[in-house]
Amino acid sequence: MSLQDLQVSAGWRPTAALSRAAVLSAVLAVAAVLLGRPDLLVLGVPFLVHAAVVVVRRPAGSPAVESRLAHTAVREGEATAVSAHLTGCEDAEHALVAVQADAYQATRPGHGVVGAALAADQPEVTLAVPVASQRWGRRTAGEGLVAATGPWAGRRWGPHPLRPMMLTTLPVPGVFDSRAPSPHPIGLVGTHQARRPGQGGELADIRPFQPGDRLRRIHWRQSLRTGSLHVTGTIAEEDSSVLLLVDALTEVGRSGGTSGAASTLDVAVRAAGALAEHYLHQGDRVGMRVLGENERSTVPVSGGRRHLRRILDTLARVVPGQQQRFDAGRLRLRVPAGAVVIVLSPMLSDEVVTATVTLARSGITVVVVDTLPGGRPGRPDSPPDPAGPPAATAAGTLDIDLLDAPGDRRRRLAWRMRMVERDLLLGRVVRAGVPVVPWRGPGTLDTVLRGLRRRARSPRLVSR
């Protein structure tokens, strides 16, 4: 029986135990008189005493309850506590709270029911149920019922409903690391080697001293050998800008939370968190845009640890399965100069492909991270056999729930046709000069970024 099936009441009501005691004592008393059986009357005395005591000790007032969450924001896999604080419990003997968990939440104990015995004249009590959140997103928590029983379990207060509260679960960024330099560093201070000389740690040349050079840059061996002051020149180190585009238009697969399978949207959200954490940690500026979301879906390009929290909060607001569309022709991203745009998408939407190709043709450096594992980008593939193991990825396993039965050939054919369409969409992206790489965690973008940096330094042919 679910919590919604219970009859909700806020006052004290007689319990089934009191009704049984009253009815049973009356029946035994009548039977003793009619049958002339004093022993039956003796058997009914305890039930009569129980009913009499409950009637005499009627509770004077009703308790008041206040519920709250110990933490309003947690990470995936972390737990908070739903607390129900009852006051005015002087006439209560036992209190109980039952919390109903969401599909991606787990309570301890598993049934979500916690009770406590109250001492005599105890004015208040707090009951807490730990709730663990197993997937990113914004969901309600704390929905349930609270009840209390009076002395001798004769009267019951409630069950009283607990108000649901909003719990924000931040995605846990995946594991990512990259040693590849940025193709277009254009900031002030950073870790990427620039094309111009300046203050840095990489030696460029040894040149004659000029007014304004620092004395600590003097190269004494060259100066003594030539008879004039020489200084060491270095290559400037600059930061770069990264813009993340997260495709929330399409979600393929069934998410199992932190300990189960990962959908394409799970891979995209956790990969976006990993990329943002990596680039912000090394001093770069990161911005984000969620494609398919209308409210608070844009994070401007900025830096710092607080900016990572803003990005994770925005990712947590993504609604899985929400079908929204946008006009790719009117998309205004305001990409900073020299920024690298990283598109995280399964490439199953024509709108996302159009936006990617439009950015690439406008001269912006674009990289596509494929969040749909199971085959090489651009090659049609069939969904995994339900009887066999699922396709493994760096963020977990992808459980594509497309087949009702192993022998459903129509669904398998439909999936292959969808992959053929995806192959055509990826062909448009590749022909626009955009590299496509699958998400594999650390080192995913190393080869691509090094190739883009070499291409940025090489001369380009222009038509006159």
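1. Which helix lies across E3, E9 and E12, and at about what angle does that helix run to E12? In this predicted model, the helix is H5, which lies across these three strands and runs at about 120 degrees to E12.

2. The strands beneath that question form an open sheet of 3 strands, ordered E3-E12-E9, with mixed pairing. Strand E3 (73–75) and strand E9 (137–141) stand at the edges and have a single partner strand each, so one side of each is left without a neighbour in the sheet. From one strand to the next, the twist averages 35 degrees.

3. As to the pairing of E9 with strand E12 (residues 165–170), the two run antiparallel and are joined by 5 bridges; Ala-141 stands opposite Met-165 in E12.

4. Turning to the nonpolar cores, the largest has 40 residues, and those with the most contacts inside it are Leu-244, Leu-275, Tyr-279, Ile-342, Leu-344 and Leu-445. At least two residues of this core come from each of several elements, among them strand E15 (241–247), helix H4 (264–281), helix H5 (305–316) and helix H8 (446–457), while H4 gives the most, with 11 residues.

5. Leu-244 deserves a separate entry: leaving aside its neighbours within four places in sequence, Leu-244 is in contact with Ala-272, Leu-275, Ala-276, Val-286, Gly-287, Met-288, Arg-289, Ile-342 and Leu-344. A second, separate core has 24 residues, including Val-74, Leu-86, Val-125 and Leu-167.

Notes
Residues are numbered from 1 along each chain as its sequence is written. This is a predicted model: local features need pLDDT of at least 70, side-chain atom pairs count only at pLDDT 80 or more; totals for chains, interfaces and linings use all residues. Side-chain values use heavy atoms; hydrogens and water are left out. A nonpolar core is a set of buried Ala, Val, Leu, Ile, Met, Phe, Trp, Tyr and Cys residues joined through side-chain atoms within 4.5 Å. Buried means under 20% relative accessible area, exposed over 50%, partly exposed in between (1.4 Å probe, protein chains only). Helices (H or I, at least four residues) and strands (E, at least two) are DSSP runs, numbered from the N terminus. Contact means heavy atoms within 4.5 Å. Two strands pair if DSSP finds at least two bridges between them. Axes are lines fitted to C-alpha atoms, for helices over the stretch in contact, and angles run from 0 to 180 degrees between N-to-C directions.
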